[in-house]
Number of protein chains: 2
Amino acid sequence: MVVALKPSLAPRPLLSPDRADRSIRSDCERCSARTISVCGAVDDPDLQRLGALAEVIKLEPGAVLIREGEPAPHVFNITGGSLRVYKLLPDGRRQITGFLFAGDFLGLAIGETYVFSAEAMEVSTVCRFRKGPFRALVAGSPPLEHMLLHRTSHELAAAQNQMLLLGRKTAIERMASFLLDLPGHDPSRPTAPGHVRLPMKRGEIADYLGLTIETVSRVLTRMKVKGLISIPSQNELIVERPERLRQHASGEV
Amino acid sequence: MVVALKPSLAPRPLLSPDRADRSIRSDCERCSARTISVCGAVDDPDLQRLGALAEVIKLEPGAVLIREGEPAPHVFNITGGSLRVYKLLPDGRRQITGFLFAGDFLGLAIGETYVFSAEAMEVSTVCRFRKGPFRALVAGSPPLEHMLLHRTSHELAAAQNQMLLLGRKTAIERMASFLLDLPGHDPSRPTAPGHVRLPMKRGEIADYLGLTIETVSRVLTRMKVKGLISIPSQNELIVERPERLRQHASGEV
DNA sequence: CGCAGTGTTGAGACGCTTCAACTCACGTGG
DNA sequence: CCACGTGAGTTGAAGCGTCTCAACACTGCG
């Protein structure tokens with residue numbers, strides 16, 4: 001059973017970061033700033049029980065996992081790939097509220113129906129839990145509950161950063177912030193410093209940053225011309241001047 | 001000892017909503033849609049212990065409770081009044097990420113320093129807890145931890161709504177959303193239907209909605225001319241056409 | 001009465017969006 | 001092997017919504 005978690009629990013023994021097929025991810029990007037994997041026998045009985053509850057689902061690119069407004073019987077944990085989470089207005093305007101990667105939870109919010117939609121951006125795998133048993137198990141396991149609170153608090157802090165971005169930053173500041181933040185969320189195989197993997201299309205970046213496709217494209221071009229970044233291919237990008245980008249991200253230019 | 005909580009625990013006996021001096025607020029606005037107060041003897045020993053940890057602080061309007069970037073030794077619970085929570089860019093641009101009222105928690109996010117600032121908008125009272133003992137108590141009390149997770153999840157859902165607002169809504173849509181949402185967050189004395197208390201100034205509304213003061217003023221005027229609202233005084237507002245306002249809020253006009 | 005803080009209104013400027021044309025990469029089939 | 005089609009991305013020109021700057025109105029208070 002595959003379960004990917006990013007608990008904030010006491011440190012676990014560090015083993016090889018490979019063998020994702022039977023690994024439990026254990027990290028806390030804001031606390032310990034690293035993604036580690038714990039493989040082999042799982043010592044925590046709660047995590048084992050959690051794994052026993054799970055049902056593994058594989059998603060093709062574009063597959064819809066959650067549709068806003070529909071009944072919400074499940075909680076999900078992403079074990080591989082990446083998903084976009086978004087909300088829609090009736091006329092089709094879309095705001096992507098987050099990109100999720102391996103280890104992230106989805107659908108924790110209390111309520112009868114989902115309040116957002118979620119789709120796979122690439123081939124992805126998720127663990128699905130029925131809400132009732134999941135809640136029951138969590139309620140009976142303080143460490144699990146604590147981990148969820150910890151992660152949700154982090155997400156809330158990230159959401160506040162995004163509000164600052166959407167409410168007050170210019171297009172280039174938004175893009176700079178995005179390019180600097182993205183690698184920290186994506187636990188996929190360690191990339192060279194400055195190297196950013198872009199599993200999402202321009203339109204998704206636009207809907208995440210509250211811009212249009214055209215503006216995203218223009219800003220990237222401007223950054224390229226300025227020598228801040230280079231774009232070897234559509235799906236990857238290299239930050240050439242991280243310090244200058246950081247200045248842009250915080251509005252100091 | 002004054003403690004204001006909005007736990008998602010099992011229902012408690014409903015008593016008089018007054019006597020705020022010794023009350024424990026107990027509600028779940030999104031689940032049960034009402035704010036109730038439980039007064040008199042507190043039966044939950046965890047809440048009593050929480051109360052014993054608290055230190056009551058009174059804030060004058062404009063008083064700074066939390067400054068972004070400073071060490072974060074405390075967790076707060078608001079027992080009266082209202083606070084604004086915000087983030088700043090170096091050049092002074094401000095994004096207010098939320099308005100907090102009685103029952104709300106503040107400073108839960110894990111980290112060495114606060115990642116936002118908070119100021120009182122009116123005369124307010126808060127309970128202050130040192131983080132260590134607070135965490136210890138919460139860790140030892142599953143119901144408390146559960147309540148915090150529940151509340152944080154709600155805040156996260158609200159934050160996602162705000163991202164949709166900031167990223168994709170027009171000025172009038174933002175204002176309409178704001179006027180409809182605000183009463184649901186403010187548990188202060190029950191107001192007549194359609195009646196909205198505005199404890200914040202225009203500049204704060206602007207910084208919450210990602211607009212300027214002038215745009216806020218213009219939009220309110222437009223709404224007034226259209227007959228959607230009326231403004232008896234600077235600090236209060238009456239929604240005359242809730243259904244039309246709701247259409248605007250969801251972008252259907 | 002005068003002052004300061006707050007809110008409103010107007011005119012022009014600006015940044016992003018909209019609309020449209022074009023390029024590029026990739027896959028398919030004649 | 002190349003013509004063709006499609007989806008994604010880029011670039012240009014014009015439009016529009018909000019911002020900026022400025023003047024004015026209102027309120028409360030010493």
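These legends walk through close-up views of a predicted model with two protein chains, A and B, and DNA strands C and D.

Because the model is predicted, local features need pLDDT of at least 70 and side-chain atom pairs count only at pLDDT 80 or more, while totals for chains, interfaces and linings use all residues. Residues are numbered from 1 along each chain as its sequence is written, chains are lettered from A and ligands numbered from 1 in the order in which they are written, and side-chain values use heavy atoms, with hydrogens and water left out.

**View 1. How chain A and chain B are related.** Turn chain A by 180°, shift it 0.0 Å along the axis, and it lies on chain B with an RMSD of 0.0 Å. That is what a two-fold axis does. The superposition is by least squares on the C-alpha atoms of residues with pLDDT of at least 70 in both copies.

**View 2. Where the two chains meet.** Chain A brings 44 residues to the contact, and chain B brings 44 residues too; contact here means heavy atoms within 4.5 Å. Of the interface residues of chain A, 100% are also interface residues in chain B, so the copies meet through the same surface. How big is an interface? People often give the accessible area lost when the parts come together. For chain A and chain B the buried area is about 4,100 Å², with carbon and sulfur atoms giving 66% of it. (Buried area is the accessible area, with a 1.4 Å probe, that two parts lose on being put together, summed over both.)

**View 3. Charged and polar pairs across the interface.** The rule picks out 4 salt bridges between chain A and chain B, each a side-chain nitrogen of Lys or Arg within 4 Å of a carboxyl oxygen of Asp or Glu. One of them joins A:R168 to B:D207, with the closest N and O atoms 2.7 Å apart. There are also 16 residue pairs in polar contact across this interface (both at pLDDT 80 or more). A polar contact is a pair of N or O atoms within 3.5 Å; within protein, one must be able to donate a hydrogen and the other to accept it, and residues adjacent in sequence count only if both atoms are side-chain atoms. On the chain A side, β6 (82–88), β7 (94–101), α3 (142–168) and α5 (202–209) each chip in at least two residues. The largest share, 20 residues, comes from α3(A). (Helices, H or I and at least four residues, and strands, E and at least two, are DSSP runs numbered from the N terminus.)

**View 4. Around DNA strand C.** This strand has 16 residues around it, and the closest are A:T215, A:R218, B:R218, B:T221 and B:Q234; a residue is near a strand if one of its heavy atoms lies within 4 Å of it. In the side chain of A:R218, an N or O atom is 2.7 Å from a base oxygen. The side chain of A:T212 puts an N or O atom 3.1 Å from a phosphate oxygen. Helix α6(B) gives the most to this surface, 5 residues.

**View 5. Around DNA strand D.** Among the 16 residues here, A:R218, A:T221, A:Q234, B:A171 and B:T215 come nearest. A:R218 has a polar side-chain atom 2.8 Å from a base nitrogen of strand D, and A:S217 has one 2.8 Å from a phosphate oxygen. Here α6(A) gives the most, with 5 residues.
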